[in-house]
Amino acid sequence: MKLLTKSLIAGCLLFAGVAVAKEGVQDPTVKARMDLMGSIGMNVRVLGDMATEKVAFDAAAAAAAQQALVAASADIAAKFEPQATDPVSEAKPEIWSNWDDFVAKAQALNTAATNLGAASLDDVKAGMGAIGGTCRDCHSTYRM
Ligand code: HEC
């Protein structure tokens with residue numbers, strides 16, 4: 001179980017590696033959704049660095065990151081709804097042909113973020129696997 005959580009966290013940190021929208025993005029709608037994903041990535045990294053004990057647990061920082069994740073994930077549907085394109089976008093067109101499923105996957109992240117306890121290191125460790133699973137679940141279907 002411990003190992004599983006660790007690998008889920010590591011998988012998620014890979015996604016968190018790109019923290020800001022890609023250079024050269026022209027379309028403002030695409031830029032806005034990339035920026036949203038970038039902020040999701042940064043907040044996951046804050047929690048992931050604590051969960052892997054790369055940085056010391058900080059209850060205030062964990063709570064702030066958790067709340068930012070809850071808010072950002074609630075904004076995914078609104079930011080992705082306009083079907084904008086850009087040469088550097090990695091969004092697959094299936095997002096808009098399977099819109100309800102995409103929204104359900106965004107909701108799954110919102111639920112995982114809401115359920116993450118930020119009061120202790122053990123709570124953060126326990127909640128990160130579920131969060132990482134929702135990143136992968138959506139990216140593997142809807143991101144190139
Ligand atoms: C509901 C679907 C969905 C969920 C859930 C999701 N993502 Fe994404 N993410 C996408 C899509 C689609 C793109 C590609 C957007 C584009 O290039 O237009 C993306 C792109 C990204 C990017 C790259 C942004 C850029 O500047 O190009 C990062 C970083 C990212 N996601 C992190 C995360 C992390 C971390 C999680 C989990 C906490 C997560 N995402 C959850 C759909 C999702």
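**Around the iron**

Reader: At 27% relative accessibility, what does Met37 count as?
Author: Since 27% falls between the cut-offs (buried under 20% relative accessible area, exposed over 50%, partly exposed in between; 1.4 Å probe, protein chains only), Met37 counts as partly exposed. Heads-up: this is a predicted model, where local features need pLDDT of at least 70 and side-chain atom pairs pLDDT 80 or more, while totals for chains, interfaces and linings use all residues. Residues are numbered from 1 along each chain as its sequence is written, and side-chain values use heavy atoms, without hydrogens or water. So, at 27%, the label for Met37 is partly exposed.

Reader: Which protein atoms are donors of the ligand's iron atom?
Author: Donors here are N, O and S atoms within 2.8 Å of the metal (3.2 Å for Na, K and Ca), and with water not among the atoms, sites may look incomplete. At 2.0 to 2.3 Å from the iron, the protein donors are Met37 (SD) and His139 (NE2).

Reader: What arrangement do the 6 donor atoms make?
Author: Six count as octahedral if opposite donors are over 155 degrees apart and all others between 65 and 115. The angles around the iron atom run from 87 to 178°, so the arrangement is octahedral.

Reader: Which backbone makes a polar contact with a ligand oxygen?
Author: A polar contact is a pair of N or O atoms within 3.5 Å. From side chains, a ligand oxygen has Arg33 at 2.8 Å and Ser89 at 2.7 Å. The backbone partner, at 2.6 Å, is Glu90.

Terms used
A polar contact is a pair of N or O atoms within 3.5 Å; within protein, one must be able to donate a hydrogen and the other to accept it, and residues adjacent in sequence count only if both atoms are side-chain atoms. Four donors count as tetrahedral if all angles lie between 85 and 135 degrees; four count as square planar and six as octahedral if opposite donors are over 155 degrees apart and all others between 65 and 115; anything else is irregular.
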